[in-house]
Amino acid sequence: MGLMMDGDTPYVLSDIADAEDFAGDMDFKVTGNQPKGITALQMDMKVHGLPVAVLRQAIEQSKAGRAHILEHMLERASRAS
């Protein structure tokens, strides 16, 4: 997940290609699995302060991405067996 600030307006980005890493204001990695949900978080910030609402949005937005990636991984793993 990434964050781009436009003045006081935050834009949370779903990013798997590192497009916002250089110019972005946040790099936020969320990992997890189906039965347990989130298992690890890692964040780099380039701005001071992060409203809880923006963190909540990033976590909620990451759920769909994690589910999609996990589904793809499980599908590929079942084909390899």
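V12 makes a good starting point in this predicted model. Setting aside its neighbours within four places in sequence, V12 is in contact with M1, G2, L3, V54, Q57, A58 and Q61. Several of these names come back when we look at the core.

The largest nonpolar core is made of eight residues, and V12 is one of them. The others are M1, L3, M26, F28, V30, V54 and A58. Which elements give two or more residues to this core? They are strand 3 and helix 1. Strand 3 gives the most, with three residues.

Now let's turn to the sheet. It is open, has four strands in the order 2-1-3-4, and its pairing is antiparallel. Strand 2 and strand 4 stand at the edges with a single partner strand each, so one side of each has no neighbour in the sheet. From one strand to the next, the twist averages 20°.

Here is a small guide to help you find each strand in the structure:

| Strand | Residues |
|---|---|
| Strand 1 | 2-6 |
| Strand 2 | 9-13 |
| Strand 3 | 26-33 |
| Strand 4 | 37-45 |

Take a look at strand 3 and strand 4, which pair in the antiparallel sense over eight bridges. Within this region, N33 stands opposite G37 in strand 4.

Where does the helix fit in? Helix 1 covers residues 52-80 and lies across strand 1, strand 2, strand 3 and strand 4. Helix 1 runs at about 50° to strand 3. These two elements, strand 3 and helix 1, are the ones already met as giving two or more residues to the largest nonpolar core.

Note on methods
Residues numbered from 1 in each chain as written. Predicted model: local features only at pLDDT ≥ 70, side-chain atom pairs only at ≥ 80, totals over all residues. Heavy atoms only, no water. Pairing = 2+ DSSP bridges. Axes fitted to C-alpha atoms, helices over the stretch in contact; angles between N-to-C directions. Contact = heavy atoms within 4.5 Å. Core = buried A, V, L, I, M, F, W, Y, C linked by side-chain atoms within 4.5 Å. Buried < 20%, exposed > 50% of the residue type's maximum accessible area, 1.4 Å probe, protein only.
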